[in-house]
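Thanks for coming. I have one structure to go through today, so let me put it up and then walk along it.

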Amino acid sequence: LVGQLLVESGVVALVAWVLGLALGFGCLHLYDRAFLEPKAIEIRFFDPYPIALASLLPLVSAAASAIVLALRLSRMDPVSVIQRRNA
C-alpha cells in the first residue's frame, strides 16, 4: 500500500511540476513580451539553478507524503479496519 501510494504521489507530483513549470515559463514569456522587451531588459529563461532546485520539490513532496502515510498505517490495526468496514 505504501509503495503504491509512493508511486501515485510521485506521478501526481511530477505532473503538477511539469504543469507548473509550463505555466511559469508561459507567464514569464508573456511578462517578458509585455513589459521587459520594449525596454530592452534581458532575462534568461533557462537558468539551470532554479530549474534544478525546482526539480527537487516533487521528490520531497512525494517522500514526505509517503512517510506520513507509512507512520499512520504502522499505527493502525488491520483487524479493526476490516471490522469497521463490515459494520
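A word on terms before I start: a helix here is a DSSP run of H or I of at least four residues, and helices are numbered from the N terminus. In that sense Tyr 49 sits in helix H2, which covers residues 48-75. Please keep in mind that what you see is a predicted model.

The overall layout, then. The protein has three helices and zero strands, and along the sequence the pattern reads α-α-α. There are 87 residues, and 8% of them count as buried. The accessible surface is about 7100 Å², with 71% of that belonging to carbon and sulfur atoms.

Let me stay with H2 for a while. Does its length fit its residue count, or not? At 1.5 Å a residue, its 28 residues should span 40 Å, and the C-alpha atoms at its ends are 42 Å apart, so the two agree.

Which residues of H2 are buried? They are Pro 58, Ala 62 and Ala 66. Take Ala 66 as the worked case: its relative accessible area is 8%, and because buried means under 20%, Ala 66 falls in that class. Its C-alpha atom is 9.9 Å from that of Glu 8, although the two residues are 58 apart along the chain. Glu 8 belongs to the run of residues 2-36, which is helix H1.

Now the outward side of H2. Tyr 49, Leu 53, Leu 56, Leu 59 and Val 60 make a nonpolar surface patch of about 550 Å². Within that patch, Tyr 49 has a relative accessibility of 59%, and the line for exposed is over 50%, so Tyr 49 counts as exposed. Leu 56, also in H2, comes to 48% and therefore counts as partly exposed. Leu 56 also has a partner in space that is remote in sequence: Trp 17 is 39 residues away along the chain, and the C-alpha to C-alpha distance is 9.8 Å.

Further along H2 we reach Ser 74. At 58% relative accessibility, Ser 74 counts as exposed. A polar atom of the Ser 74 side chain lies 2.7 Å from the backbone oxygen of Leu 71.

On to the aromatics. How many aromatic pairs does a search of the whole structure find? One. The pair is Tyr 31 with Phe 35, at 5.1 Å centre to centre and 45° between the planes, and it is tilted. For the label, planes under 30 degrees apart would be stacked and over 60 edge-to-face, so an angle of 45° leaves tilted.

Where do the two rings sit in the sequence? Both residues are in helix H1, four residues apart, about one turn of the helix. As a reminder, an α-helix has 3.6 residues a turn, so residues three or four places apart point the same way.

Both members of the pair fall in the middle accessibility class. Tyr 31 is at 44%, so it counts as partly exposed. Phe 35 is at 48%, and so also counts as partly exposed.

To recap: H2 carries buried residues, namely Pro 58, Ala 62 and Ala 66, and Tyr 49 in the nonpolar patch is exposed. The aromatic pair, Tyr 31 and Phe 35, lies in H1. That is what I had.

Methods
Residues numbered from 1 in each chain as written. Predicted model: local features only at pLDDT ≥ 70, side-chain atom pairs only at ≥ 80, totals over all residues. Heavy atoms only, no water. Patch = residues over 30% accessible without salt bridge, like charges linked within 9 Å, V, L, I, M, F, W, Y side chains within 5 Å. Areas by Shrake-Rupley, 256 points an atom, 1.4 Å probe, with all protein chains shown as cover. Salt bridge = Lys/Arg side-chain N within 4 Å of Asp/Glu carboxyl O. Helix = DSSP H or I, 4+ residues; strand = E, 2+ residues; numbered from the N terminus. Buried < 20%, exposed > 50% of the residue type's maximum accessible area, 1.4 Å probe, protein only. Phe/Tyr/Trp six-rings, centres within 6.5 Å; stacked < 30°, edge-to-face > 60°. Expected span 1.5 Å × (residues − 1). Polar contact = N/O pair within 3.5 Å; in protein donor to acceptor, adjacent residues only side chain to side chain.
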